[in-house]
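User: Please take a close look at one part of this model, the largest nonpolar core. Which residues and elements build it?

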Amino acid sequence: MAQPAPSSFILPPSSFFQTMAVLPIVKYGDPVLRDATRPVTEIDVPLQKLIDDMVDTMYAAPGVGLAANQVGVSKRLAVIDLSVGKRPGGLHVFVNPEMLEAEGEITEEEGCLSIPDFVEVVTRPERVKVRYTDRNGEQREIRGEGLMARALCHEIDHLNGTLFVDHLRGFKKERIMKKIQKLVKSGMWG
Ligand code: NI
């Protein structure tokens, strides 16, 4: 998920990036964003590397969440850090996340790194409970409220092939889809 407010993110010195692997983010129009992802069956060394690369990619964007299919890997894996790397313990890695509970409703602006520069208001649950496996293979549950609930819904949607624009209706949807299709056709999103 894109950062909700205009970014105050300050780029660290360039030496910081030397060990980073920032992957290209797949844009709207690529079929990998529409396929349901496959469950992760083994947390092995290549998966740990993918997780590290996804975290680097999310921080570099900058964004608060990223799903594996957004870097072209159709696996049920997502990362979220509402602090974009600023707060220790802010990073969460979700292997095979499943929504257990969702309640309430809240309508806020939302964006997506795969649909850059577009934000629209989307209604989401106010509180959710998600079960997942962490990167050490431990089964966990997390309760999320507000922005965390929104990010969890947004990333789990990605893993099911759903994008935030799918939640829009009527004129709002027509307007944004027309602009997006124009960009896709022009090849500007590669
Ligand atoms: Ni997104």
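Analyst: A nonpolar core here means a set of buried Ala, Val, Leu, Ile, Met, Phe, Trp, Tyr and Cys residues joined through C-beta atoms within 7 Å. Keep in mind that the model is predicted.

The largest such core holds 36 residues. L66, A78, V79, I80 and L152 touch the most other members. Two helices and five strands each supply at least two residues: helix 1 (45-60), helix 2 (147-159), strand 1 (65-67), strand 2 (77-81), strand 3 (91-103), strand 5 (115-124) and strand 6 (127-133). Helix 2 gives the largest share, 6 residues.

Take V79 as a viewpoint. Beyond its neighbours within four places in sequence, V79 is in contact with I51, M54, V55 and M58. V79 also contacts G65, L66, L91, H92 and V93.

Now the sheet. Strands of a sheet pair through backbone hydrogen bonds, either parallel or antiparallel. Here the pairing is antiparallel, in an open sheet of 5 strands with the order 1-2-3-6-7. Strand 1 and strand 7 (139-145) are the edges, and each pairs on one side only. Neighbouring strands are turned by 40° against each other on average, direction ignored.

Look next at strand 3 and strand 6. They pair in the antiparallel sense over 6 bridges. One bridge joins M99 to V130 in strand 6.

Helix 1 packs on this sheet. Helix 1 touches strand 1, strand 2 and strand 3, and its direction makes about 40° with that of strand 2.

Note on methods: Residues are numbered from 1 along each chain as its sequence is written. This is a predicted model: local features need pLDDT of at least 70, side-chain atom pairs count only at pLDDT 80 or more; totals for chains, interfaces and linings use all residues. A residue is buried if 20 or more other C-beta atoms lie within 10 Å of its own, exposed if 12 or fewer, and partly exposed in between; C-beta atoms are placed from the backbone. Helices (H or I, at least four residues) and strands (E, at least two) are DSSP runs, numbered from the N terminus. Two residues are in contact if their C-beta atoms, placed from the backbone, lie within 7 Å. Two strands pair if DSSP finds at least two bridges between them. Axes are lines fitted to C-alpha atoms, for helices over the stretch in contact, and angles run from 0 to 180 degrees between N-to-C directions.
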